[in-house]
Amino acid sequence: MKLLYFDCFNGASGDMILGALLDAGLPLEDLRRALGSLGIGEYELAAERVLRAGVSATKFHLIERAGEDASAGTEIPAPHSHAHQHEHTHSHEHTHSHEHTHSHEHGIAHAHAHAGTEVPAPHPHAHQHEHHHSHSHRSLPEILGLIEHSALPLAGRARARQLFERLAEAEAAIHQMPVERVHLHEVGALDSIIDIVGAVFAIEWFGAGRIVVSPLNVGAGMVRSAHGLFPVPAPATVRLLADAPIYSSGVEAELLTPTGALLLTGHADAFGPVPPMRVQRVGYGAGTRELPGTPNVLRVLVGESTEEPTTEQIVVLECEIDDMNPQIFGVLMDRLYKAGALEVYYSAVQMKKNRPGTLITVLAAPDRRETLAGIVFRESTTIGVRYHEVHRERLEREVVSVETAFGPIRCKIARRAGDLVNASPEFDDCVRVATERGVPVKDVHAAALHAWLSRS
């Protein structure tokens with residue numbers, strides 16, 4: 001099973017996540033095409049190699065442009081620095097390890113990194129950015145509309161919608177107001193939309209069956225917002241962390257941004273140390289500043305799990321048919337199994353106009369959906385197939401051989417968390433031995449089960 005592991009030993013932000021995934025193999029052009037389908041203004045995406053405490057990493061850049069088409073971009077533009085006055089105050093006694101500043105009054109403002117190389121010192125009362133802000137802040141319904149009409153994959157659109165809705169709910173809870181009255185402000189700005197939607201696309205691009213995230217280093221100290229000084233992690237970040245494990249390494253900086261918290265908790269199947277895996281690629285996403293004694297980067301490991309998964313994501317395809325020759329159902333099932341279906345079963349249903357029909361249900365790995373849907377369309381009379389992804393839990397499985405009076409029979413043993421749950425003789429073995437010996441199948445089955453239960 002494909003596995004992604006996010007190692008957040010120095011926190012995370014939206015653009016650090018994008019930088020790490022680009023470093024691990026995501027083509028920049030694919031990201032540009034996906035985000036270009038949003039149709040949200042003129043900007044340029046770029047990536048460059050930088051060093052952080054001697055570690056080579058990829059720095060992701062978003063540069064807004066005015067008066068020209070920026071969808072194509074260049075590979076490594078020179079970063080642009082300018083002083084930008086925010087409507088909120090920011091503590092300049094507090095030094096960020098990343099490049100972001102947050103308006104904690106509105107949650108996730110500027111929750112990302114935007115400077116890959118050393119740039120001129122900003123005005124002492126301004127905050128440094130490498131890109132221009134258009135101040136065009138979109139509402140939540142506008143953002144959801146952009147996502148819905150984009151060319152992003154269906155699963156990616158659903159995930160992005162879910163993340164922005166969760167963000168609005170967190171803000172509503174903090175400010176004690178209905179979700180429809182929440183003003184996301186900076187979240188509606190171009191840079192935040194790019195960070196969130198871009199990271200969703202990037203994670204989906206790897207097609208991981210499981211995503212694991214390390215405990216999250218949130219940093220320490222205080223950060224100033226429009227409401228005053230708040231401890232790190234700030235209120236918006238805490239709301240988004242849910243049950244995720246967090247800690248502080250003692251670095252006086254806000255290491256985990258609201259965007260980072262939103263994306264990681266929204267994708268994680270589990271939190272913890274590196275799971276058993278075979279690493280195929282590694283990517284490092286850079287923050288802006290250097291941290292004393294440690295690289296200011298986020299690391300992602302890409303590989304395959306080396307343990308038998310107990311939970312997995314599968315897709316369920318369904319359709320009803322009331323006008324097909326029943327002989328075809330057998331052929332359809334055979335061809336679906338041959339193409340990689342995990343399970344195929346038929347159920348009797350009552351359909352329109354009081355017609356008896358058959359519900360076809362197919363379970364499969366998500367990457368087999370298109371192939372199996374094509375077989376259903378080609379081999380049956382249906383004109384529509386619906387599908388959705390679900391998680392299922394699988395018991396740990398082992399096959400052992402037992403000796404019986406009829407000969408050796410294999411038994412499938414199932415365990416959950418190491419405890420024996422079930423033992424079942426392989427029926428095909430029972431049929432084969434019963435045929436060879438000329439005895440009832442039930443006798444062979446009973447003998448195999450008795451042999452298993454009587455083992456020393």
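Does Thr361 count as buried or exposed, and at what relative accessibility? In this predicted model, Thr361 has 0% relative accessibility and therefore counts as buried, the cut-off for that class being under 20%. The residue belongs to strand 16, which spans residues 356–364. Leaving aside residues up to four places away in sequence, Thr361 touches Val316, Leu317, Glu318, Glu343, Val344 and Tyr345.

Val344, one of these contacts of Thr361, also appears in a nonpolar core of 18 residues, whose members include Ile321, Leu336 and Ala373. That core lies apart from the largest one. The two are set out below.

| Core | Residues in core | Members, among them |
|---|---|---|
| Largest nonpolar core | 62 residues | Leu4, Phe6, Leu31, Phe164 and Ile194 |
| Another core | 18 residues | Ile321, Leu336, Val344 and Ala373 |

In the largest nonpolar core, the five residues listed touch the most other members. Helix 5 (residues 190–205) gives the most to this core, contributing 10 residues.

A helix pair can be described as well. Helix 10 (residues 427–437) packs against helix 11 (residues 441–453) at an angle of about 125°, and their axes are 8 Å apart. The two helices are therefore oblique to each other. The crossing of helix 10 past helix 11 is right-handed. On the helix 10 side, the contact is made by Phe427, Cys430, Val431, Val433 and Ala434, while helix 11 supplies Val441, Val444 and His445. Of the residues in this contact, seven are nonpolar, one is polar and none is charged.

Key
Residues numbered from 1 in each chain as written. Predicted model: local features only at pLDDT ≥ 70, side-chain atom pairs only at ≥ 80, totals over all residues. Heavy atoms only, no water. Axes fitted to C-alpha atoms, helices over the stretch in contact; angles between N-to-C directions. Helix = DSSP H or I, 4+ residues; strand = E, 2+ residues; numbered from the N terminus. Parallel < 35°, antiparallel > 145°, perpendicular 65-115°, else oblique. Left-handed = near helix turned anticlockwise from the far one by under 90°. Contact = heavy atoms within 4.5 Å. Nonpolar A, V, L, I, M, F, W, Y, C, P; charged D, E, K, R; others polar. Buried < 20%, exposed > 50% of the residue type's maximum accessible area, 1.4 Å probe, protein only. Core = buried A, V, L, I, M, F, W, Y, C linked by side-chain atoms within 4.5 Å.
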